[in-house]
Amino acid sequence: MNIEERKERLFELLADQTLFGLNEQESSELNELQIEFPEFKNDNSFEKAALAISLGNLNTNNAMPQNLQAQILADADKFFESNVEVAENTVEQEKYVSSGALPTETPNADIRTITYDSPKPSFMQWLGWGFAALACIALVANIWLTRVNPNTDVVTNPTPTATPKKELTPAEKKQQFLASVNDLIKTSVASPDEKNKELTGEIAWSNTKQEGYVTVKGLPKNDKNKETYQLWIFDETQDEATPIDGGIFDIDENGEVIIPINAKIDVKKPKMFAVTVEKPGGTVVSKRDKIVALAKVEA
């Protein structure tokens with residue numbers, strides 16, 4: 001590669017280093033090129049350009065005061081003017097030195113040879129400084145907007161909304177219950193006087209989990225304004241006059257219905273389950289004059 005090609009390769013590696021990073025081979029190649037072109041060893045124009053581009057994406061919804069905007073633009077003009085003058089003076093001095101000529105207005109001036117060790121600023125360096133100036137302007141604008149408008153809505157790393165868990169149906173809950181217990185008590189449900197031939201079902205209960213389900217089919221729908229169904233659990237350790245309240249429920253549809261058992265106190269040795277018809281809201285002590293279903297636990 002000739003000098004221009006090697007210099008273009010140097011610019012390419014500097015840009016890749018800023019944007020993506022370099023591997024070991026590319027870093028070695030960059031070091032060799034920077035030794036050949038030492039004026040670019042500490043060049044940071046690419047980093048400044050990248051910073052300017054990133055700051056260019058700032059969201060500024062509110063207008064900046066005109067006096068502040070005018071001051072920033074004036075400072076930017078001074079910056080570029082000074083650099084342009086320096087560049088022009090440098091070019092003129094080089095012309096005089098290379099030609100051996102002196103300015104006409106100083107004919108008797110002492111002629112001295114001027115040696116410049118530093119290379120002329122490259123186009124890429126000027127481009128980097130230009131982007132850096134723009135970045136400073138954007139940074140000042142952002143600081144002003146942030147301080148004047150502290151309540152500006154900025155969304156950073158929003159907390160993800162947890163997906164609500166699916167509510168299991170009574171049938172799914174019963175299935176999980178049956179698969180998780182080792183002391184399952186199961187008994188069939190029947191009509192106490194055998195008048196309701198359509199009544200079928202079962203009761204599943206676990207003393208360990210104090211959990212259970214009534215599965216019944218054939219109970220008629222009840223008028224919630226007049227009555228409700230209530231489950232009673234007769235325990236061997238409990239007086240039969242005061243069975244354990246297992247909760248109330250309503251029948252809203254025909255077909256099979258699954259009702260979770262809600263025992264008010266711990267059940268130890270259940271021997272029978274009964275369903276009665278009670279007033280809305282249930283009762284503490286049942287008259288047991290309307291028993292519609294029974295399930296006896298076999299010893």
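This report describes an open four-stranded sheet, the helix packed on it, and the surroundings of two neighbouring residues in strand β4, Thr-228 and Tyr-229, in a predicted model.

**The open sheet**

Four strands make up an open sheet in which the order is β1-β2-β3-β6 and the pairing is antiparallel. The edges are taken by β1 (184-188) and β6 (256-260), each of which has a single partner strand, so one side of each is left without a neighbour in the sheet. From one strand to the next, the twist averages 15°. Helix α6, residues 170-180, packs on this sheet and touches β1, β2 (200-206), β3 and β6, and the direction of the helix makes about 130° with that of β3.

The strand pairings are set out below, each with one bridge between named residues.

| Strand pair | Bridges | One bridge pair |
|---|---|---|
| β1 and β2, antiparallel | five | Lys-186 and Ala-204 |
| β2 and β3, antiparallel | seven | Ile-203 and Val-214 |
| β3 and β6, antiparallel | five | Thr-215 and Ile-258 |

Strands β2 and β3 also form a hairpin with four residues between the strands, and in this hairpin Gln-210 takes a positive phi near 50°. Strand β3 itself spans residues 211-217.

**Thr-228 in strand β4**

Thr-228 belongs to strand β4, which covers residues 228-235. The relative accessible area of Thr-228 is 4%, and because buried means under 20%, this residue counts as buried. Its side chain makes a polar contact with the side chain of Asp-250 at 3.1 Å. When neighbours within four places in sequence are left aside, the contacts of Thr-228 include Asn-222, Ile-248, Phe-249 and Asp-250, and also Thr-276, Val-277, Glu-278, Lys-279, Pro-280, Gly-281 and Gly-282.

**The Tyr-229 and Phe-249 pair**

Phe-249, which is among the contacts of Thr-228, also takes part in an aromatic pair with Tyr-229. A pair of aromatic rings is described by the distance of the centres and the angle of the planes. The model has two aromatic pairs by the rule applied here. In the pair of Tyr-229 and Phe-249 the ring centres lie 5.6 Å apart and the planes stand at 20°, so the pair is stacked, given that planes under 30 degrees apart count as stacked. This pair links distant parts of the chain, with Tyr-229 in strand β4 and Phe-249 in strand β5 (residues 244-249), 20 residues apart. Tyr-229 and Phe-249 are both buried.

Terms used:
Residues numbered from 1 in each chain as written. Predicted model: local features only at pLDDT ≥ 70, side-chain atom pairs only at ≥ 80, totals over all residues. Heavy atoms only, no water. Buried < 20%, exposed > 50% of the residue type's maximum accessible area, 1.4 Å probe, protein only. Polar contact = N/O pair within 3.5 Å; in protein donor to acceptor, adjacent residues only side chain to side chain. Contact = heavy atoms within 4.5 Å. Phe/Tyr/Trp six-rings, centres within 6.5 Å; stacked < 30°, edge-to-face > 60°. Pairing = 2+ DSSP bridges. Axes fitted to C-alpha atoms, helices over the stretch in contact; angles between N-to-C directions.
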